[in-house]
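Dear colleague,

I am passing on the structure we spoke about, so that you can look through it at your own pace. Please open it first and then read the notes underneath.

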Amino acid sequence: MMMSSADATRLAPPRSLSDEEVVGIRRDFPILGQLVNGRPLAYLDSGATSQNPVSVLDVERDFYTRQNAAVHRGAHTLAFTATEAFEAARATVASFVGAQADEIVWTSNATEAVNLVAYSFSNASLGLGGEAASRFRLGPGDEIVVTEMEHHANLIPWQQLALRTGATLRFIPVTDDGALDLAAATTVVGPRTRILAFTHASNVVGVVNPVAELVALARAADALVLLDACQSVPHLPVDVAALDVDFAVFSGHKMLGPTGIGVLYGKADLLAGMPPFLTGGSMITTVDMHGAQFLAPPQRFEAGTQRVSQAVALAAAVDYLSAVGMERIEAREAELGRRLIEGLTEIPGVRVLGPTIGVERIGLASVDVAGVHAHDVGQFLDEAGIAARVGHHCAQPLHRRLGVTASTRASTYLYTTTGEVDLFLATMREVAPFFGVSR
Amino acid sequence: MTSSDLQQLYQQIILDHAKARHGFAAEPFEPLASGSAEAGARHTAESHQVNTSCGDEVTVRVTVEAPAGQKPDRIEDVVWRGDGCSISMASASVLSDAVRGAPAREARALLESFREMVRSRGAIEPDEELMGDAAAFAGVSRYPARVKCAMLAWVAFEEALLLAEAS
């Protein structure tokens, strides 16, 4: 069927990155050019941590070379310029995910961001924060809902919150295929649900969960929503306002930034009512020996000396991603993901975890090799210069649900070449014969 | 394309032990009765060890025998259960073969030689006469990340033996 050119434009998927463009991108990542075990490094572990482009490293070095000072205190020039850089970084990251600057709270990592929300709830449950914090109070009879697919970072803080408050933790189960059981979700999320916390994209099976559907369930139950966006914000365009989630968390080091910085997004009106988690300097207005008044968000949640160079470097990482284009990165990784899945499903004895067809996925795949433990697979890959993740990827319940204790994961990013994916596939074909389990 | 280092790490003897799993208890362990010492003779204790970096785990159960009125001396039995990579499973299999029936003193000497070898970063050539199948783990010493895998069952054995002797 013929299409008019206007239709073609409208229907055309976003242009992916070409292999040549990826070669250019790789020049910005010197770490990728090295040999490992005598072979060119094939870095397929960006799901765990990504690499930094030179621009990010330069910005961090430049900050320490010319601007370093403590922020939001002091009247000298460096203190002022450092504060400006710190707050400009906040604005950059906010606009990258469709948020207002004052809705972005810096944390050490995504794990701390989840804990910040959980501890704020538990402080509210103790009566802190007064009436403004009443909607964050939990007690017996209230329910916290997560999913069986969660990374431990979005599970254990809620288990602990339930223990502290007497609330009940429930979960949306995973189907035999490794997808969220949305039919069951409608019975798990109900009038007692106070918060629903779930991952946007799974760090193990790679599926992108239906945020709109889950948010609708939560809204019908008048529950709050926290989105674990650690595997989505680095890999696809994310607009937290459009998704209408109340909170979202992600980490800098998975999106070309440094370690030591993570982000909590919270809707402004919610953050305004939340009691603080960490307390101390920089988050107060007036203090006497008996008590203190707290600053408005986001400073209320940023006690102590801040991660200034990391914030500035994370903003440089966001600038890098924006310059390449998140739609194009998403399209490129979708191609690499399909190549991975198609190749892996053809290898005898290799089982790809999770749904492989007909679902939206990010560019990663986790597999079980029959008769070969993941740690041994990882060793074999390492010998070929391939960095892949082996183990339970901080998601023991999901692995148990899928009938395995550990798996081998290859995860791609904007700098991943098709050659690296093909090398991974070719090496995976040799695993079973080497360990003497081929049939 | 596999390097000789990798062949050294995964020697056939290791791959065979990883499959055969000598000393592996077919049924889950029944809990140990507290104060399991049967009047004077046999003492059983166990130790559970986990490699948190990869989730491998092993439980080793050691039974020692004491001549009447004396301190325990001989390792009567070593059985284990666990789940993990071929290095950790083969190591548990080799361990149970090597120490079953041995005097505790000899088992500890072997344990120390084994530990020294796998931590040597390739510097120690094992005495195959002395170490038997355990000598096959010399290749592990070139892979520092795998030393924990090789040591897992031995560490469990070391602790279980102490507990059994003390019980």
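The notes below take up a sheet in chain A and then the contact between the chains.

Please keep in mind throughout that this is a predicted model.

In chain A there is an open sheet of seven strands with mixed pairing, and its strands follow the order E4-E10-E9-E8-E7-E5-E6. At its edges lie strand E4 (104-107) and strand E6 (168-172) of chain A, each of which pairs on one side only, while from one strand to the next the twist averages 20°.

Within that sheet, strand E8 (residues 224-228) and strand E9 (residues 247-251) of chain A are paired in the parallel sense, over three bridges; if you would like a place to begin looking, Leu226(A) has Phe247(A), in E9(A), as its bridge partner. Helix H5 (residues 110-125) of chain A lies across E4, E8, E9 and strand E10 (262-266) of chain A, and H5 runs at about 35° to E10(A).

Turning to the two chains, 13 residues of chain A are in contact with 13 residues of chain B. On the side of chain A that touches chain B, helix H13 (374-383) and strand E16 (389-391) of chain A each supply at least two residues, and the largest share, three residues, comes from H13(A). Sorted by class, that side of chain A consists of five nonpolar, six polar and two charged residues.

With best wishes

Definitions and conventions
Residues numbered from 1 in each chain as written. Chains lettered and ligands numbered in written order. Predicted model: local features only at pLDDT ≥ 70, side-chain atom pairs only at ≥ 80, totals over all residues. Contact = placed C-beta atoms within 7 Å. Helix = DSSP H or I, 4+ residues; strand = E, 2+ residues; numbered from the N terminus. Nonpolar A, V, L, I, M, F, W, Y, C, P; charged D, E, K, R; others polar. Pairing = 2+ DSSP bridges. Axes fitted to C-alpha atoms, helices over the stretch in contact; angles between N-to-C directions.
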